Amino acid sequence: MMKKALDAELVTNYIEGNEKCLEILISRHKARIYNFIYSKVYDRDLTEDIFQDTFIKVINTLKKGKYNEQGKFLPWVMRIAGNLVI
C-alpha cells in the first residue's frame with residue numbers, strides 16, 4: 001500500500017516535472033481553500049474565479065522556483081487566496 005505523500009514531497013515532485021502531483025495537491029485542499037474564499041466573498045462565481053487565480057499564482061511561483069515554504073503548502077496557498085480576496 002502506498003503511503004500518502006506529504007504536501008512537501010508533492011510540491012518537489014511537481015517542480016521536477018510530475019504534473020499529476022499538482023492535481024493531487026489541488027484535490028486534497030480544494031474544499032478548504034474554496035470554503036475559505038467563499039466565506040469572504042459569498043459569491044460562487046467570484047469564488048471560482050479567485051480559486052482559479054490562486055492556483056495560477058501557485059503554479060507560476062512553483063515553476064519559477066520561488067517556493068520556499070517547506071512543509072507549509074496549505075497556509076501559503078491560503079495566504080495567496082486571502083490576498084486575492086482583498
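**Notebook: Phe36, Thr47 and helix 4**

I looked up Phe36 first and found that Phe36 touches Met78, Ala81 and Gly82, leaving out residues up to four places away in sequence, where a contact means heavy atoms within 4.5 Å. I note that this is a predicted model, in which local features need pLDDT of at least 70 and side-chain atom pairs count only at pLDDT 80 or more, while totals for chains, interfaces and linings use all residues. Residues are numbered from 1 along each chain as its sequence is written, and side-chain values use heavy atoms, without hydrogens and water.

Phe36 lies in helix 2, helices being DSSP runs of H or I with at least four residues, numbered from the N terminus. Its C-alpha atom is 8.3 Å from that of Gly82, 46 residues away along the chain. I recorded Phe36 as partly exposed because its relative accessibility is 22%, given that buried means under 20% relative accessible area, exposed over 50% and partly exposed in between (1.4 Å probe, protein chains only).

I then turned to helix 4, whose buried residues are Phe73, Leu74, Trp76, Val77, Met78, Ile80, Ala81 and Gly82; these pack against helix 1, helix 2 and helix 3. From helix 4, Phe73, Trp76, Val77 and Ile80 are touched by Val58, again not counting residues up to four places away in sequence.

Last, I checked Thr47, which is found in helix 3 and counts as buried because its relative accessible area is 0%. Thr47 touches Tyr34, Ile37, Tyr38 and Val41, with residues up to four places away in sequence not counted.

Notes. Helices (H or I, at least four residues) and strands (E, at least two) are DSSP runs, numbered from the N terminus.
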